[in-house]
Amino acid sequence: MIGDYPRLGQASADGATKSIVLNMGPQHPSMHGVLHLMVELSGETVLACRPVIGYLHRGIEKLFENRTYNQCIVLCDRLDYISQYSNEWAFCRAVEKLADIEVAKRAEWLRTMYAELVRITSHLLWWSSVGLDMGAWTPLIYAMVPREHLFDFYEATTGSRLMPNYLRFGGVKEDVDPAALEELHDWLGTEFFAHLDEFDGLLSGNEIFLSRQRGLAHMTTDQAVAWGVTGPMLRATGCDRDLRKDTPYGVYDRLEWQTMTDARGDALARYTVRMREMRESANMAMQCIERMPAGEVRTRLPKVLRPPAGEVYVRTESTRGELGIYLVSDGSVKPYRLRVHSPAFMNISSLPRLVPGAHINDFFAIFGGVDNVMAEIDR
Amino acid sequence: MSGHQFLVALVWVLALLVVMALNIIFMDWYERKLIGHIHLRPGPMHTGWHGLLQPFADMLKMLGKEDIVPTGADKLFFWIGPMVVVVPLFLALTVLPVAPGAALADINHGLFFVFAMQTIVPFGITLIGWAGHNKWSLVGSLRAAAQLITYEIPMLIAALGVVMLAGSTRLTDIVQHQTVWWYALKLPIGFAIFFVTGLAEMNRTPFDLPEAESELVAGYHTEYSGMKFGFAMMSEYNSMLVGSWLLVLLFLGGWNLWPLPPSPLWVVLKVYLVQSFIVWIRGTYPRMRLDDMMEMSWKYLIPAGLANLLLVGVLGTVFPKF
């Protein structure tokens, strides 16, 4: 696939018109994180784009090798800091599979609930920036209102807004106050849906927004699969692939929900899928609260965990797609090797193939639909 | 020119400078407050009562900044660029009346003078973008040139309908024809076209492409800092003032507010209502795409403007009192 990767400086060989290369980022007002994009322009048409990544590389995978398993959970929050619980869950599942640990019943429901809540908060941030990328300021602030409410819930129940360090092997850190759960259930069922209706009224039905998103950066399922795209971007091509459905984990097989797809494959489809996912995630979180059994939230484990030697690969459906954790243990207290298969990294590799031919106006509209998080790409 | 006339003109010029400065100071605060409340936040609150001193803090900050001229910049044009934007807009203010005949120069061709002055602005913006020697500002300024030239044509056509009905290009005469029925009510199509094109002329959302901060960093004035950046910002507010004032005079009855007696107060009130509406649009709409915007002007606004002109001609001939 590297062969058809657009090369900078080649596309303008014809005629006397010179193309210019713009370096967008890492310092640019609408760059999501510290990404550097080299964009070749002919007039205002994008000829080629090359993402330059690595500005946020912290060597997280190496750091895993230098900490005991319990100490590693905190590193997962730093991967994709917008969907923290998903990362923690992926790592915990890998360790639990390797060491054959049974997870407490109630903890499975709590984990599922938090994973869906974090999908909402992550999509809310995406929604705010999708407006901002197209020049609408108001969505940025509007999306923060429900996001703040959920962050207050995170803080009240797990002790932290952004870096919760909440999941443990075989369960979660501590049980959640039933009153807080009830309050959250009420809020999700009423106010949160009212917020989403308001968002639809503000942006989803806007004629300028629709005309700019419709038919933009079209992608077929075959292309998406070939480029390794997963998550909402893949489902926006009509492909019904969701690991929560296909290889259920947690309590996803016990909830009533649907995979959200949209067959159009353009930027508007990516927008619609994420908007629908927010509603569905709220429904799933509400079901979790309703059906959650009482009981222990942690399995008793030795203080120092020594999983048997071996290797394991676990996939989960994080907010951005398939988050894979490949874990090798040599039987010691620390992981021998850990490798993260990042959905954001796979998704952003589709950007150079989506943007050629687009207007520079639309460049950021396409880029916003990719919904990348540099912390997970650079690790 | 006698000494007396010269003195009167001097007082007018000084008064207009004060009006311009007051408008910038007020709008700087007012736009932030209004957009803040649209965003569910209070806006500036800490500098003075409800942030009233914020414009002065901004001004002090801009005066204190280093005045950077980039190495590759065309120094001459870098200097005169902001002037070419600010001066014509100030000159346009000199013919805009607040009461019958109450302008520095209530000339016969006041309307065309305003348009002529507005036409110079794209030159200044292009100069600014070119002189900065920056790719962002180059793209922004070329966008500005294309956009402003494209939108001047339907704007003129829409204003021509008013001129045909009023039979004059003198702004006082045009307003005097709207004692009861404003031209916005008589010529709704022309009013709509004039308002939309006015937004484009002012570089306001959804036509703020020349300075699209999410794409072009700061657009045509990316390389400007300190007070020269201040000039660019001042010209934005000036352009908004001139545009809304002209809109009020042409379509919203100027100093007439039937059945109340005519008063300059109504002009001020209407001008700021129009500006509030423009800020409201900024708080609601995303930005248009450049090619969509061009298409809108050439394919829809210009034909609609010509149809409007035809309609005015027919109506004016059939009903001479229309």
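Two strands pair if DSSP finds at least two bridges between them. Helices (H or I, at least four residues) and strands (E, at least two) are DSSP runs, numbered from the N terminus.

This is a predicted model: local features need pLDDT of at least 70, side-chain atom pairs count only at pLDDT 80 or more, and totals for chains, interfaces and linings use all residues. Residues are numbered from 1 along each chain as its sequence is written, while chains are lettered from A and ligands numbered from 1 in the order in which they are written.

**Exercise 1. Lay out the sheet of chain A.**

Solution.
- Start with the order: three strands of chain A form an open sheet, S1-S2-S3, with antiparallel pairing.
- Find the edges: S1 (20-24) and S3 (45-52) of chain A each pair on one side only.
- Add the twist, which averages 20° from one strand to the next. Here axes are lines fitted to C-alpha atoms, for helices over the stretch in contact, and angles run from 0 to 180 degrees between N-to-C directions.
- Take one pair: S2 (residues 36-42) of chain A and S3(A) are antiparallel over seven bridges.
- Pick out a partner: A:His36 is bridged to A:Val52 in S3(A).

**Exercise 2. Describe the side of chain B that touches chain A.**

Solution.
- Count the contacts (C-beta atoms, placed from the backbone, within 7 Å): 24 residues of chain B meet 27 residues of chain A.
- Name the elements of chain B that give two or more residues: helices H5 (135-166), H9 (213-216) and H12 (290-318).
- Sort the residues on this side of chain B: ten are nonpolar, five polar and nine charged. Ala, Val, Leu, Ile, Met, Phe, Trp, Tyr, Cys and Pro count as nonpolar, Asp, Glu, Lys and Arg as charged, and the others, Gly among them, as polar.

**Exercise 3. Check the span of H5(B).**

Solution.
- Compute the expected span as 1.5 Å times one less than the number of residues.
- Compare: the 32 residues of H5(B) should span 46 Å, and its end C-alpha atoms are 46 Å apart, which agrees.
- Look past the end: B:Gly167 follows H5(B) and has a positive phi, near 70°.

**Exercise 4. Relate the two domains of chain B.**

Solution.
- Set the bounds, from an automatic or database domain assignment: domain 1 is 1-64 and domain 2 is 74-318 of chain B.
- Place them: their C-alpha centres lie 20 Å apart.
- Count contacts: 15 residues of domain 1 of chain B meet 19 residues of domain 2 of chain B.
- Credit the largest share of the domain 1 side, twelve residues, to H1(B).

How values were computed. Two residues are in contact if their C-beta atoms, placed from the backbone, lie within 7 Å.
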